[in-house]
Amino acid sequence: MSDWQWAGMMMGDEAYAGSRNFYHLEEAVQHHYGYKYVVPTHQGRGAENLLSRMLIKPGDFVPGNMYFTTTRLHQELAGGTFVDVIVPEAHDPVAEVPFKGNVDLNVLEKLIQRVGADLVPYVCVAATVNMAGGQPVSMANMREVRELTRRHGIRIFLDATRAVENAYFIQQREAGYRERGVADILKEFCSYSDGCTMSGKKDSLVNIGGWLALNDPALYEEASNLVVVYEGLHTYGGMAGRDMEAMARGIVESVQDDHIRARVGQVEYLGQKLIKAGVPVVRPIGGHAVYLDARAFYPQIVQDQFPAQTLAALLYEDSGVRAMERGIVSAGRDSDTGEHHYPALELVRLTIPRRVYTQAHMDVTAESVVAVYHERPSARGLRMVYEPRYLRFFQARFSPL
Ligand SMILES: *Cc1c(COP(=O)(O)O)cnc(C)c1O
């Protein structure tokens, strides 16, 4: 966190109700994201839980531009079925498309026609799309999704976790946005949705925290009641006053053009280094991470033997660089059949915490990835020896084959 955020930590107002830091947070969200109401939560999944419980009933379908782990689980626990409506290019690691996170409007329209709008409580649009490689959604696409859902009376909720990064990509890649600031683009983007869930640990530059934002007063009333059950009173939602202050300040800093350019630029630096070395990565390079294509590393390892998990393990053994599997382990099991989901992408996410690392750390990481890449013919897969029931990628254990 910045000096200004740390200074804010010293200004924590820990009154049980109505901490002044809550009002600073509320103001920062209203000003920069444009939503009317804010319900703080302990982190992003707390907000997902509230939203899913409020809006999803058993038998509903929740379309989204590729699944996210915690998001989909909360939708399923509420009785809903997630339906992927992302554009097909998103499943192809080498397709050089500027907005691989876009929603496929035909697929969405067909779903609504098939099941009926009454069974679609909302469309969940993630920006950027983590599981596709940190890929952005265009403003034009967001506008079209708004138009389509308006016709059917369906809400849109944004997963705004990395919406600032998304706004930066719009500025860089979409016609008509070059001269506009990221803050301004972010606000326009959010204006096409009815609210959002947020993990403050990402764009908002803090170590813990999140929020649910809403425009509908009736939904806000329900959320500010439900949050008392699962998180804490509606003016702290599981966070200390000091944490809300750090997040309020983090939001203000996060939308500065210089900040986000430097942040995405560092990711790009690592990505270009790996591309130059011939390492297979998801193209184009995403906003917060470089994604290694484990299928291309290890064609000899079948998906049931966890190629991406294998790569993450070998990288850790080589250098202590800890990466994240984003393949079959993360995809989990079908909640009806109990079978593995088999995602098209087997990726390893080199996620870069912002404001932590220097260029030299990127160099060390690249060296290690290249070393592991050169050893690729000798790699064997893994066997899962412990599998927890929910979100197994967090706690599963493996042994080498
Ligand atoms: C991290 C994340 C979440 C969940 O947020 P937590 O704060 O980890 O609970 C949801 N969606 C996306 C896209 C994320 O990156």
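At what angle do helix α13 and helix α15 pack, and how far apart are their axes? Let me take that one straight away. This is a predicted model. In it, α13, residues 307-319, packs on α15, residues 359-374, at an angle of about 120°. The axes are 9 Å apart. Two packed helices are described by exactly those two values, the angle between their axes and the distance between the axes.

So how do we class this pair? The range for roughly perpendicular stops at 115 degrees, and roughly antiparallel starts over 145. α13 and α15 are therefore oblique to each other. Their crossing is right-handed. Now the residues. From α13, the contact takes L311, L314, L315, D318 and S319. From α15, it takes S368, V369, A371 and V372. By class, that contact holds six nonpolar residues, two polar and one charged.

Stay with α15. Helix α11 packs on it as well. α11 covers residues 257-276. The angle between α11 and α15 is about 30°, and their axes are 10 Å apart. Angles under 35 degrees count as roughly parallel. That makes α11 roughly parallel to α15. Here, too, the crossing is right-handed.

Who makes this contact? On the α11 side, look at Q266, Y269, L270, K273 and L274. On the α15 side, look at Q359, M362, D363, T365, A366, V369 and V370. The split is seven nonpolar, three polar and two charged. Note V369. It appears in the contact with α13, and it appears in the contact with α11.

Next, the other partner of α11. That is helix α7, residues 163-173. α7 and α11 pack at about 90°, with axes 10 Å apart. They are therefore roughly perpendicular to each other. In α7, the residues to highlight are V164, E165, Y168, F169 and Q171. They meet D257, I260, R261, R263 and V264 of α11. Five residues of this contact are nonpolar, one is polar and four are charged.

On to cavities. How many reach 30 Å³ or more? The count is two.

Take the largest cavity. It holds about 70 Å³ of space. Its lining is G64, N65, M66, Y67, F68, T71, R72, Q75, F82, C124, A126 and D159. Two elements give two or more residues to that lining: α4, residues 69-77, and β4, residues 122-126. The largest share is from α4, with three residues. By class, the lining has six nonpolar, four polar and two charged residues.

Now the second largest cavity. This one has about 60 Å³. Its lining is E48, L51, S52, T71, Q75, Y122, C124, F157, L158, D159 and T197. The elements giving two or more residues here are α3 (44-55), α4, β4 and β5 (155-159). The classes are five nonpolar, four polar and two charged. Some names come up again. T71, Q75, C124 and D159 line the largest cavity, and they line the second largest cavity.

Then a few backbone points. Which residues are joined by cis peptide bonds? One such bond joins A127 and T128, with omega about -5°. T128 sits in the loop between β4 and α6, where α6 is residues 139-152. Another cis bond joins R283 and P284, with omega about -15°. P284 is in the loop between α11 and β8, residues 289-293. That brings α11 up once more.

Please look at L205 too. Its phi is near 65°, a positive value in a residue other than glycine. L205 lies in the loop between β6 (195-199) and β7 (210-214).

One last stop, F398. You will find it in strand β12, residues 397-400. What does F398 touch, leaving out residues up to four places away in sequence? The answer is F306, Q309, V329, L382, R383, M384 and V385. Q309 falls within the span of α13, 307-319, so we end back at the helix we opened with. For scale, compare F398 with K100. They are 298 residues apart in sequence. Their C-alpha atoms are 32 Å apart in space.

That is the tour. I'll take questions.

Terms used
Residues are numbered from 1 along each chain as its sequence is written. This is a predicted model: local features need pLDDT of at least 70, side-chain atom pairs count only at pLDDT 80 or more; totals for chains, interfaces and linings use all residues. Side-chain values use heavy atoms; hydrogens and water are left out. Axes are lines fitted to C-alpha atoms, for helices over the stretch in contact, and angles run from 0 to 180 degrees between N-to-C directions. Helices (H or I, at least four residues) and strands (E, at least two) are DSSP runs, numbered from the N terminus. Angles under 35 degrees count as roughly parallel, over 145 as roughly antiparallel, 65 to 115 as roughly perpendicular and the rest as oblique. A crossing is left-handed if the near helix is turned anticlockwise from the far one by less than a right angle, and right-handed if clockwise. Contact means heavy atoms within 4.5 Å. Ala, Val, Leu, Ile, Met, Phe, Trp, Tyr, Cys and Pro count as nonpolar, Asp, Glu, Lys and Arg as charged, and the others, Gly among them, as polar. On a 1 Å grid over the protein atoms alone, a cavity is a set of points where a 1.4 Å probe fits but cannot get out, and a pocket is an open set with protein on both sides within 12 Å along at least five of seven lines; lining residues have an atom within 4 Å of a point. Grid points are joined across faces, edges and corners, and a volume is the space filled by probe spheres set on the points.
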